[in-house]
Amino acid sequence: MIYSLVLGLCAFFLIGIGIFQIRSEKPVAFYSGEEPPKPEQVKDIKSWNKKHGLMWIFYGITMIIGAIVGFMIKYSLLLVLVSFVCILLPMIIMVLYHKKLVKDYIL
């Protein structure tokens, strides 16, 4: 129950980041420790922001699914698998996708 609640709260936070990034007029950064690119470095700011924002929204949705599944699972060993599939695996995919976006959009 606590697992699902925490995961659900994190999910809504990540979806909020995604919405903020999609609406941003300036180029966004992938994560907080990274400096966002300068506007003159990005080929298409609107598309760059949209793709990054959607990435965070999909991550949040994945966490919501993980929270629902986690709520239904009573075995802690299966929760480890759910955590990997809904938290860690998407993070790896996001990092790889961000690297692809840098190649495609940054001059």
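Three helices and zero strands: that is the secondary structure of this chain. Read along the sequence, the pattern is α-α-α. What you have in front of you is a predicted model, so please hear every value as computed from that model. The C-alpha trace spans about 50 × 20 × 20 Å along its principal axes. Of the 107 residues in the chain, 36% are buried. Take the contacts between residues at least 6 apart in sequence: 72% of them join residues at least 24 apart.

Now the interior. Which residues make up the largest nonpolar core? There are 11 of them: Leu-7, Ala-11, Leu-14, Phe-30, Met-55, Trp-56, Tyr-59, Met-63, Ala-67, Ile-87 and Met-94. At least two residues of this core come from each of the helices H1 (2-23), H2 and H3. H2 gives the most, with five residues. One of the core residues is Ala-67. Setting aside neighbours within four places in sequence, Ala-67 is in contact with Ser-4, Leu-7 and Gly-8. Another core, of five residues, lies apart from the largest one, and Val-28, Trp-48, Leu-101 and Tyr-105 are among its members. As general background, nonpolar side chains tend to be buried together in soluble globular proteins.

Next, the aromatic residues. The count comes to four aromatic pairs. One of them is Phe-30 with Tyr-31, an edge-to-face pair with 5.7 Å centre to centre and 80° between the planes. Are these two residues buried or exposed? Phe-30 is buried, because its relative accessible area is 8%, under the 20% cut-off. Tyr-31 has 46% relative accessibility and therefore counts as partly exposed.

For Trp-48 and Tyr-105, the ring centres are 6.2 Å apart and the planes are at 65°, so this pair is edge-to-face as well. Why does this pair tie together parts that are 57 residues apart in sequence? Because Trp-48 lies in helix H2 (residues 45-72) and Tyr-105 lies in helix H3. Both of these residues are buried, and both belong to the five-residue core I mentioned.

There is also one aromatic cluster formed by Phe-30, Tyr-31, Trp-56 and Tyr-59. Phe-30, Trp-56 and Tyr-59 appear in the largest nonpolar core too.

On to charge. How many salt bridges does the structure hold? It holds one. Lys-100 forms it with Asp-104, and the closest N and O atoms are 2.5 Å apart. Both residues lie in helix H3, four residues apart, which is about one turn of the helix. Lys-100 is partly exposed, with a relative accessible area of 44%. Asp-104 also counts as partly exposed, at 34% relative accessibility. In general, side chains of opposite charge can pair when their charged atoms come close.

Last, the surface. The chain exposes about 7,300 Å², and carbon and sulfur atoms supply 74% of that area. A nonpolar surface patch of about 1,100 Å² is made by Tyr-75, Leu-78, Leu-81, Phe-84, Val-85, Leu-88, Leu-89, Met-91, Ile-92, Ile-93 and Leu-96. Take Met-91 from that patch: Met-91 is found in helix H3 (residues 76-105). Met-91 has a relative accessible area of 40%, so this residue is partly exposed.

To recap: three helices, a largest nonpolar core of 11 residues, four aromatic pairs, one salt bridge and a nonpolar surface patch of about 1,100 Å².

Note on methods:
Residues numbered from 1 in each chain as written. Predicted model: local features only at pLDDT ≥ 70, side-chain atom pairs only at ≥ 80, totals over all residues. Heavy atoms only, no water. Patch = residues over 30% accessible without salt bridge, like charges linked within 9 Å, V, L, I, M, F, W, Y side chains within 5 Å. Areas by Shrake-Rupley, 256 points an atom, 1.4 Å probe, with all protein chains shown as cover. Salt bridge = Lys/Arg side-chain N within 4 Å of Asp/Glu carboxyl O. Buried < 20%, exposed > 50% of the residue type's maximum accessible area, 1.4 Å probe, protein only. Phe/Tyr/Trp six-rings, centres within 6.5 Å; stacked < 30°, edge-to-face > 60°. Core = buried A, V, L, I, M, F, W, Y, C linked by side-chain atoms within 4.5 Å. Contact = heavy atoms within 4.5 Å.
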